[in-house]
Amino acid sequence: MKNKIKTILISFIKKNYYILSLLRNIRFIFTRLIFTICYLGNKVDDNLIIFESYMGRQFSCSPKAIYEELVKNEEYNNYKFVWAFRKCEKYKYLEKQKNTKVVEFGSREYYKIYSSAKYWITNSRLNGRILKKKNQIYIQCWHGTPLKKLGYDIKISGGNAMNSNRDIRRKYKMDSKRYSYMISPSRFCTEKFKSAFDLKDINIIKELGYPRNDYLYNYTQSDIDNIKNKLKIKNNKKIILYAPTWRDNQHKSGIGYTYKLGIDFEKLKKEFQDEYVILFRTHYFVANQIDLKKYSDFVIDVSSYEDIKELYIISDILITDYSSVFFDYANLKRPIIFYMYDYNEYKNNLRDFYIDLSSIPGPIVKNEEELIDKIKGIDVVKKEFSKKYKEFNNKYNYLDDGKSSQRVIYECIIKEQKE
């Protein structure tokens with residue numbers, strides 16, 4: 001009964017913008033007060049770096065790549081590294097690494113570290129309650145080349161299920177005001193980041209490639225074998241990675257963003273179970289679990305798999321929709337199929353896109369029959385899109401070469417200390 005009342009109350013609050021806004025402001029003021037105490041009481045430590053990935057949800061992406069580059073190099077032995085996670089115990093193993101500590105996301109210690117760390121490295125928006133001192137360096141890596149519109153560029157009214165457009169813009173602005181550097185993988189991204197985050201100073205954007213894609217140039221066959229063994233995938237099976245994004249309007253009160261399965265795994269199983277396995281990965285925002293038990297010998301749920309780049313390197317084909325994963329995956333020059341079964345709804349009522357979809361390096365399909373045909377003819381797809389694939393990488397991935405982490409460290413940390 002208590003849970004039912006709680007769910008009803010949460011639902012009522014989230015539907016009432018003014019009550020929700022009031023509660024958010026009260027919470028903001030309270031936690032800002034806690035941080036201000038830390039802010040005033042702690043000096044900046046020039047050799048302390050704090051890392052955060054997807055708001056404390058993962059050990060992954062560009063912050064992980066930069067951290068690993070720092071840890072393996074003796075030149076940076078004098079630095080101390082702190083990672084912030086929502087589930088600290090899961091990541092305690094990192095404390096075996098050189099000069100590394102793990103703290104709980106949102107804790108008092110978390111705020112204390114942010115008040116004293118010289119460098120902040122993250123791939124998503126930081127908590128708005130955190131104040132930056134003039135001598136602190138905030139390195140925003142972001143988490144992909146955007147296909148769908150972000151922040152200030154979203155013109156479709158209504159925002160999403162949790163935030164109005166006004167809320168979205170306010171959060172982006174609050175974060176971007178603190179940036180010292182923003183990492184960009186291309187001129188295209190620089191242009192979009194400037195408008196989406198309403199950046200006034202274009203000089204803070206550093207076109208250095210994406211550190212998170214270094215792995216796609218440096219992995220070994222041993223890495224592939226180990227990942228397949230971990231997932232119990234037989235060597236005689238080819239692998240399809242299905243990685244759809246979340247939908248702004250699919251949100252359940254008290255649960256979070258959900259995902260409605262828009263693909264018929266039963267049909268795919270009948271056609272491909274002898275040749276393929278499917279790795280199914282939902283966006284990290286998605287809270288609901290999808291029952292895949294009846295496909296257990298064909299579909300593997302990898303939604304909670306820590307780092308998607310490991311799934312990229314073992315996959316023969318990527319199937320996605322509006323997710324930015326295809327920009328990164330394109331570095332591997334492997335086939336991509338775009339399964340956009342709700343294209344009109346998504347484009348017209350949710351986000352809209354930054355690029356003309358006629359330029360993407362793979363076919364767009366809108367139903368299972370077309371999807372099955374493209375998988376069966378994947379060699380034809382690869383040949384048909386080879387020219388477009390090359391043009392795509394020349395525009396969006398030309399800076400990815402396996403050395404982006406080194407460039408970010410030099411440009412945003414080493415040169416900063418010298419100055």
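This report describes the overall make-up of a predicted model and then some of its local contacts.

## Overall make-up

The protein contains 16 helices and 15 strands, and of its 419 residues 56% count as buried. Among the contacts between residues at least 6 apart in sequence, 68% join residues at least 24 apart. A search of the whole structure finds 0 disulfides. For Cys-61 the reason can be given in terms of distance, because its sulfur is 7.4 Å from the closest cysteine sulfur, that of Cys-141, whereas a disulfide requires the two sulfur atoms to be within 2.5 Å. Cys-61 itself counts as buried, at 6% relative accessibility, and Cys-88 also counts as buried, at 15%.

## Helix H9 and its buried face

Helix H9 covers residues 265-272, and its buried residues are Phe-265, Leu-268, Lys-269 and Phe-272. Seen down the helix axis, these buried residues fall within an arc of 105 degrees, and therefore they line one face of H9. The spacing can be read against a general rule: an α-helix has 3.6 residues a turn, so residues three or four places apart point the same way. The partners of the buried residues of H9 are strand E8 (238-243), strand E11 (276-280), strand E12 (299-301) and helix H13 (368-376), against which they pack. At the N-terminal end, H9 is capped by Asp-264, which has a side-chain oxygen 3.0 Å from the backbone nitrogen of Glu-266.

## The loop between E13 and H11

Asp-321 lies in the loop that runs between strand E13 (317-320) and helix H11 (325-329), and Asp-321 is buried, with a relative accessible area of 0%. Its side chain reaches the backbone nitrogen of Thr-245 at 3.0 Å, while a polar atom of that side chain also lies 3.4 Å from the backbone nitrogen of Ser-323. Ser-324 has its place in the loop between E13 and H11 as well, and Ser-324 is buried, with a relative accessible area of 17%. Leaving aside its neighbours within four places in sequence, Ser-324 is in contact with His-143, Gly-144, Thr-145 and Arg-212.

## Lys-192 in helix H6

Lys-192 belongs to helix H6, which covers residues 187-196. Lys-192 is buried, because its relative accessible area of 14% is under the 20% that sets the limit for that class. A polar contact of 2.9 Å joins its side chain to that of Glu-191. When the neighbours within four places in sequence are left aside, Lys-192 is in contact with Pro-146, Asp-153 and Tyr-354. Of these partners, Pro-146 is 46 residues from Lys-192 in sequence, and the two C-alpha atoms are 8.1 Å apart in space.

## Aromatic rings and charges over rings

A search of the whole structure finds 39 aromatic pairs. Two of the pairs are set out in the table below.

| Ring pair | Distance between centres | Angle between planes | Arrangement |
|---|---|---|---|
| Phe-105 and Tyr-110 | 5.0 Å | 50 degrees | tilted |
| Tyr-215 and Tyr-219 | 6.4 Å | 40 degrees | tilted |

The angle between the planes decides the arrangement of the Phe-105 and Tyr-110 pair, which is tilted because 50 degrees lies neither under 30 degrees, as stacking would require, nor over 60, as an edge-to-face arrangement would require. Both Phe-105 and Tyr-110 are buried. In the other pair, Tyr-215 counts as buried, at 19% relative accessibility, whereas Tyr-219 is partly exposed, with a relative accessible area of 25%.

Phe-105 and Tyr-110 also belong to a cluster linked by ring pairs, which further includes Tyr-111, Tyr-114, Trp-120, Tyr-138, Trp-142, Tyr-172, Tyr-179, Phe-193 and Phe-197.

Charged side chains also meet aromatic rings in this model. The charged end of Lys-309 sits over the ring of Tyr-215, 5.2 Å from the ring centre, and Tyr-215 is thus involved both with this charge and with the ring of Tyr-219. The charged end of Arg-212 sits over the ring of Tyr-210, 5.6 Å from its centre. Arg-212 is in addition one of the residues in contact with Ser-324, which places it beside the loop between E13 and H11.

Technical notes. Residues numbered from 1 in each chain as written. Predicted model: local features only at pLDDT ≥ 70, side-chain atom pairs only at ≥ 80, totals over all residues. Heavy atoms only, no water. Buried < 20%, exposed > 50% of the residue type's maximum accessible area, 1.4 Å probe, protein only. Helix = DSSP H or I, 4+ residues; strand = E, 2+ residues; numbered from the N terminus. Polar contact = N/O pair within 3.5 Å; in protein donor to acceptor, adjacent residues only side chain to side chain. Phe/Tyr/Trp six-rings, centres within 6.5 Å; stacked < 30°, edge-to-face > 60°. Lys NZ or Arg CZ within 6 Å of the ring centre and 35° of its normal. Arc of directions from axis to C-beta. Contact = heavy atoms within 4.5 Å.
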